Structure formats: C-alpha cells, structure tokens
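Got the model open in your viewer? Grab a coffee and work through these exercises with it on screen.

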Amino acid sequence: MAKIKRNDLVVVIAGKNKGTSTHRVLRVLTDKNRVLVEGVNIVTKHKKPTQTQQGGIVKQEAPIHISNVMVVDSDGKPTRVGFSTESGKKTRIARSNGANIAEPKAK
C-alpha cells in the first residue's frame, strides 16, 4: 500500500515551492518514486504543431521526488504516514494525531 495516493492533499517540504499552500497529487509514478503535484514545479515546454494540436509554448507540471512532499492530516498540518490493521483491513493513519487519513475521492 502506498503512503501517498492520487488526489491526496500534500505540502511541499523541499525545493523552490517549499512551504506554499496545500496542493493535490495528480499522478504517482511508483517506478521512479516521483509524484506530479498540481501547481508545483512548473516548467516551460516548446511543442511542435501536429494535425490535431496547435504548437507553441506550454507551461505544465513536472514530477518531483516523493520524499519532498508530506500528506496533510485532518488538522491541516503535514504529517508522516503510518499503517494500521483493523479487522484485517490495512488503513493509512496520520502519525501526528493517529487519525485515519481519508481515502482520496476521485474528481
């Protein structure tokens, strides 16, 4: 079970976007240990035009390492993630207060 999942609210703890407000995880790249976070690590790409798309300069998010983000708990503070097995089911818990981390809702 992964500690950070898609649609989790996270805070960036390292890098140029450190300390900004909470952001949503768009994608988790488990093979590279990276996450794509909404509004963080914006890069400029130069796209060539295709038959269906117009070319030009596009700004988009680039992945950052998973160790540079922390999940936000129910109090709105960054916390480490632990696991608990209750009645045979594994759930994620916040280490700061022991509360369950809500499963992310698909948007």
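Below are five exercises, each with a worked solution.

This is a predicted model, where local features need pLDDT of at least 70, side-chain atom pairs count only at pLDDT 80 or more, and totals for chains, interfaces and linings use all residues. Residues are numbered from 1 along each chain as its sequence is written, and side-chain values use heavy atoms, with hydrogens and water left out.

**Exercise 1. Get the overall picture**

Task: Work out how many helices and strands the protein chain has, and how its radius of gyration sits against that of a compact globule.

Solution. Start with the secondary structure: there are zero helices and 10 strands in the protein chain. (Helices, H or I of at least four residues, and strands, E of at least two, are DSSP runs numbered from the N terminus.) Next, look at the extent: the C-alpha trace spans about 55 × 30 × 25 Å along its principal axes. Then compare: the protein chain has a radius of gyration of 16 Å, while a compact globule of 107 residues would have one near 13 Å. (That radius is taken over C-alpha atoms, and the globule rule is 2.2 Å times the number of residues to the power 0.38.) Last, check burial: 29% of the 107 residues count as buried. (Buried means under 20% relative accessible area, exposed over 50%, partly exposed in between, with a 1.4 Å probe and protein chains only.)

**Exercise 2. Trace the open sheet**

Task: Find the strand order of the open sheet of six strands, and say which strands stand at the edges.

Solution. Walk across the sheet and you get β6-β3-β2-β1-β7-β8, with antiparallel pairing. Because β6 (64-65) and β8 (78-79) each have a single partner strand, one side of each is left without a neighbour in the sheet, and these two stand at the edges. (Two strands pair if DSSP finds at least two bridges between them.)

Now zoom in on β3 (residues 34-37), which pairs with β6 in the antiparallel sense over two bridges. Here R34 stands opposite H65, and V35 is opposite I64. On to β2 (residues 23-29): four bridges join this strand to β3, again antiparallel. R27 has L36 of β3 as its bridge partner. β2 and β3 form a hairpin with four residues between them.

**Exercise 3. Pick out the nonpolar core**

Task: Name the residues with the most contacts inside the largest nonpolar core, and the elements that give two or more residues to this core.

Solution. The largest nonpolar core has 13 residues, and those with the most contacts inside it are I4, V10, V35, V37, I64 and V69. Three elements give two or more residues to this core: β1 (9-12), β3 and β7 (69-72). (Such a core is a set of buried Ala, Val, Leu, Ile, Met, Phe, Trp, Tyr and Cys residues joined through side-chain atoms within 4.5 Å.) Take V37 as a case: not counting residues up to four places away in sequence, V37 touches V10, H23, R24, L26, E61, I64 and V69. (Contact means heavy atoms within 4.5 Å.)

**Exercise 4. Compare residues in β9 and β10**

Task: Decide whether S84, K90 and R92 are buried, exposed or partly exposed.

Solution. S84 is in strand β9 (residues 81-86), and counts as buried because its relative accessibility is 18%. Leaving out residues up to four places away in sequence, S84 touches K89, K90, T91 and I93. K90 lies in strand β10 and is partly exposed, with a relative accessible area of 41%.

R92 also lies in β10 (residues 89-94), and counts as buried at 1% relative accessibility. The R92 side chain reaches the backbone oxygen of K3 at 2.8 Å. (A polar contact is a pair of N or O atoms within 3.5 Å; within protein, one must be able to donate a hydrogen and the other to accept it, and residues adjacent in sequence count only if both atoms are side-chain atoms.)

**Exercise 5. Check the positive phi values**

Task: Locate N33 and S87, and give the phi of each.

Solution. First, some background: most residues other than glycine have a negative phi. N33 has a positive phi near 55°, sits in the loop between β2 and β3, and is partly exposed, with a relative accessible area of 42%. S87 has a positive phi of about 50°. S87 is in the loop between β9 and β10, and counts as exposed at 79% relative accessibility.
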